[in-house]
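Open the model in your viewer and keep the sequence panel beside it. The tour below moves from one selection to the next and says what to look for at each stop.

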Amino acid sequence: MKFMIVSKGDMRSNDIQQTMKRYLTEFDLVYDVEEPDLVISVGGDGTFLEAFHRYVHRLDKTAFIGVHTGHLGFYADWLPKEVEKLIIEIAKTPYKVVEYPLLQVDIHSHSGKEDTSFLALNEATIKTADGSVVLDVEIKGEHFETFRGDGLCISTPSGSTAYNKALGGGIIHPSIEAIQLTEMASINNRVFRTIGSPLILPKHHPCILKPTANRSFLITVDHLTKQYSHIKSIRCRVADEKIRFARYRPVPFWNRVRDSFIADGNKTFRGSND
């Protein structure tokens with residue numbers, strides 16, 4: 001098996017990276033930066049997102065696993081004290097693949113020459129530095145509302161625990177193929193109205209956002225931010241691709257939620273599936 005390790009870059013993460021690389025190669029695994037079967041993230045969720053986007057072109061061939069050394073490890077299954085056990089598992093045991101849905105974002109320009117597409121593991125956000133964001137929102141080809149406010153967040157089920165949760169959105173189990181559209185400080189008065197609640201859209205309900213005026217927008221896809229102008233529309237939908245996690249032991253999704261936000265060590269969630 002071919003593997004690659006992405007490190008957060010601090011001393012602790014780099015030490016773990018070098019230790020795992022040394023021992024896994026001694027077990028006759030091949031370190032391959034270009035075409036790894038397994039990508040190991042050593043750090044926090046930011047490191048995991050970096051690893052995902054680095055190998056986003058190989059999602060059907062590459063699986064991901066995380067060692068948590070950062071401030072937040074929602075995607076990481078393993079702790080530094082468990083690295084020796086993880087090395088043996090990787091070397092000796094075939095992993096189980098668990099797949100999570102992703103978000104596809106298609107940005108269309110008026111000229112068509114600047115069209116681009118992205119996949120997001122967590123979310124995409126749309127903001128502007130020029131006053132309020134004003135977007136016509138279409139769902140499944142029909143106009144739903146005109147949004148006015150600070151911006152919109154479109155999240156995946158696994159990303160529903162990130163920025164979406166901070167905005168008051170709901171947490172969605174990743175077995176549900178859906179995306180969630182959540183408002184940022186919408187303007188609601190006797191003149192302007194929005195739904196005011198997060199919208200959960202199934203796979204067959206794409207969402208199209210159309211600017212009502214030609215202005216510049218800041219669009220963030222996970223940890224990557226870029227400014228766009230002359231946007232005709234932004235299409236958001238459940239992606240055809242999925243991320244593949246390598247599981248050597250069951251880590252139920254609700255365990256992750258509990259450990260990340262409740263952290264009650266006296267209670268244990270029992271379960272065997274993500």
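Begin with two helices: in this predicted model, α1 passes α3 in a right-handed crossing. Two packed helices are described by the angle between their axes and the distance between the axes. Here the axes of α1 and α3 come within 10 Å of each other, and they cross at roughly 35°. To see what lies between the two helices, show the side chains of Ile16, Thr19, Met20, Tyr23 and Leu24 in α1, which meet Val83, Leu86, Ile87, Ile90 and Ala91 in α3.

Now select α1 alone, residues 11–26. At 1.5 Å a residue, its 16 residues should span 22 Å, and the C-alpha atoms at the ends of the helix are 23 Å apart, which agrees. Which residues of α1 are buried? They are Ser13, Ile16, Gln17, Met20 and Leu24, and because they cover an arc of only 105° around the axis, they are on the same side of α1. An α-helix has 3.6 residues a turn, so residues three or four places apart point the same way. If you then turn to the face of α1 directed away from its buried side, you will find the exposed residues Met11 and Glu26.

Next, bring back the elements around this helix: the cover over the buried residues of α1 includes the strands β1 (2–7), β2 (30–31), β3 (38–43) and β4 (63–68), together with α3 (83–92).

Both ends of α1 deserve a stop. At the N-terminal end, select Asp10, which caps the helix with a side-chain oxygen that lies 3.3 Å from the backbone nitrogen of Arg12. Beyond the other end, α1 is followed by Asp28, whose phi is positive, near 70°.

From there, move to Lys92, which lies in helix α3. Is Lys92 buried or exposed? With a relative accessibility of 59%, Lys92 counts as exposed. Lys92 and Phe27 are 65 residues apart in sequence, yet their C-alpha atoms are 8.8 Å apart in space.

Travel next to Thr161, found in the loop between β9 (142–155) and α4 (163–166). Thr161 has a relative accessible area of 9%, and because buried means under 20%, this residue is counted as buried. Its side chain reaches the backbone oxygen of Ser158 at 3.0 Å. If neighbours within four places in sequence are left aside, Thr161 is in contact with Phe74, Ile171, Phe253, Val257 and Phe261. Of these, Val257 is 96 residues away from Thr161 in sequence and 7.5 Å away in space, C-alpha to C-alpha.

Val257 leads to the last helix of the tour, α5, which takes in residues 253–261 and in which Phe253, Asn255, Arg256, Val257 and Arg258 are buried. The cover over the buried residues of α5 includes β5 (96–109) and β15 (231–247).

Within α5, select Arg256, which at 6% relative accessibility counts as buried. What does the side chain of Arg256 make a polar contact with? The partner is the side chain of Asp77, at 2.5 Å. Leaving aside neighbours within four places in sequence, the residues in contact with Arg256 include Phe74, Tyr75, Ala76, Tyr100, Arg247, Val251 and Asp274.

Finish just past this helix, where α5 is followed by Ala263, a residue whose phi is positive, near 55°.

Key: Residues are numbered from 1 along each chain as its sequence is written. This is a predicted model: local features need pLDDT of at least 70, side-chain atom pairs count only at pLDDT 80 or more; totals for chains, interfaces and linings use all residues. Side-chain values use heavy atoms; hydrogens and water are left out. Helices (H or I, at least four residues) and strands (E, at least two) are DSSP runs, numbered from the N terminus. The expected span of a helix is 1.5 Å times one less than its number of residues. Buried means under 20% relative accessible area, exposed over 50%, partly exposed in between (1.4 Å probe, protein chains only). The arc is that of the directions from the helix axis to the C-beta atoms. Contact means heavy atoms within 4.5 Å. A polar contact is a pair of N or O atoms within 3.5 Å; within protein, one must be able to donate a hydrogen and the other to accept it, and residues adjacent in sequence count only if both atoms are side-chain atoms. Axes are lines fitted to C-alpha atoms, for helices over the stretch in contact, and angles run from 0 to 180 degrees between N-to-C directions. A crossing is left-handed if the near helix is turned anticlockwise from the far one by less than a right angle, and right-handed if clockwise.
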